[in-house]
Amino acid sequence: MQKTLIERATFIVGKINLNGFKNNSSGEVSSALVTKKGNIYTGICIDIACSMGFCAEHAAVAEMLKSRETEINMVVAVRKDGKVIPPCGRCREMMVQVNISNLKTMVIVEKNLVLPLEKLLPHTWSTV
């Protein structure tokens with residue numbers, strides 16, 4: 001599944017200029033996740049100058065929620081240069097807020113390193 005998620009995220013990653021503004025873009029980071037039910041959802045980031053954008057993981061989770069799913073088995077984020085990167089702290093906490101069982105979500109941190117979310121976010125505000 002790890003390879004499949006990286007491939008799906010890599011397929012959709014790529015900069016999209018927005019409205020011609022220098023600092024506005026989308027798609028420089030993409031994400032793919034697989035749910036407990038086996039469905040794959042993807043998303044891309046939106047980065048805009050006024051700070052109202054969001055991460056690729058947020059977009060993938062929103063797609064998942066539209067299908068009334070909340071449990072994530074595995075997740076990955078990929079930069080436009082193809083490098084796998086771990087989710088930021090905001091994304092880590094958001095996944096736990098969606099479903100506390102997501103502490104067990106396997107996160108592809110690097111191409112050859114997969115860790116449970118609870119190792120990346122050991123002290124969530126909801127469990128302290």
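Colleague: Let's start in the strands. Which residue is the bridge partner of S30 in β3?
Modeller: That's I44, which sits in β3. Keep in mind that we're looking at a predicted model.

Colleague: Got it. In what sense do β2 and β3 pair, and over how many bridges?
Modeller: They run antiparallel, and the pairing covers seven bridges.

Colleague: And what about the hairpin of β2 and β3, how many residues lie between the strands?
Modeller: Four. One to look at there is G38, which takes a positive phi near 95°.

Colleague: Where else is there a glycine with a positive phi, say after α1?
Modeller: G14 follows α1, and its phi is positive, near 155°.

Colleague: OK, on to α1 itself. Which of its residues are buried?
Modeller: L5, I6 and A9. They share one side of α1, because they cover an arc of only 100° around the axis.

Colleague: What do those buried residues pack against?
Modeller: A whole set of strands: β2, β3, β4, β5 (84-85) and β6.

Colleague: And which residues are exposed on the other side of α1?
Modeller: K3 and F11 are exposed over there.

Colleague: Which residue does K3 meet in a salt bridge?
Modeller: E7, with 3.9 Å from N to O. Both lie in α1, four residues apart, about one turn of the helix.

Colleague: Why does a spacing of three or four places suit a helix?
Modeller: An α-helix has 3.6 residues a turn, so residues three or four places apart point the same way.

Colleague: Are those two buried or exposed? Start with K3.
Modeller: K3 is exposed, with a relative accessible area of 61%. E7 comes out at 46%, so it counts as partly exposed.

Colleague: How many salt bridges are there in total?
Modeller: The count comes to six.

Colleague: Show me one away from α1. Which residue does E71 form a salt bridge with?
Modeller: K36, and their closest N and O atoms are 3.8 Å apart. That pair links distant parts of the chain, 35 residues apart: E71 is in the loop between α2 and β4, while K36 is in the loop between β2 and β3.

Colleague: Why does E71 count as partly exposed?
Modeller: Its relative accessibility is 28%, so partly exposed is the label for E71. K36 counts as exposed, at 56%.

Colleague: And K104, what's its salt bridge partner?
Modeller: E118, with the closest N and O atoms 3.0 Å apart. This pair also links distant parts of the chain, with K104 in the loop between α3 and β6 and E118 in helix α4, 14 residues apart. K104 counts as exposed at 56%, and E118 is partly exposed at 29%.

Colleague: New topic. Where does N102 lie?
Modeller: In the loop between α3 and β6 (106-110).

Colleague: Why does N102 count as buried?
Modeller: Its relative accessibility is 0%, and buried means under 20%.

Colleague: What does N102 touch, leaving out residues up to four places away in sequence?
Modeller: T70, E71, I72, M95 and L117. You've met E71 already, as the salt bridge partner of K36.

Colleague: M95 is in that list. Which residues of helix α3 are buried?
Modeller: C91, R92, E93, M94, M95 and V96, in a helix that spans residues 89-98.

Colleague: Last one: what do they pack against?
Modeller: The buried residues of α3 pack against α2 (56-66), β4 (72-79) and α4 (117-120).

Note on methods:
Residues are numbered from 1 along each chain as its sequence is written. This is a predicted model: local features need pLDDT of at least 70, side-chain atom pairs count only at pLDDT 80 or more; totals for chains, interfaces and linings use all residues. Side-chain values use heavy atoms; hydrogens and water are left out. Buried means under 20% relative accessible area, exposed over 50%, partly exposed in between (1.4 Å probe, protein chains only). Helices (H or I, at least four residues) and strands (E, at least two) are DSSP runs, numbered from the N terminus. Contact means heavy atoms within 4.5 Å. A salt bridge is a side-chain nitrogen of Lys or Arg within 4 Å of a carboxyl oxygen of Asp or Glu. Two strands pair if DSSP finds at least two bridges between them. The arc is that of the directions from the helix axis to the C-beta atoms.
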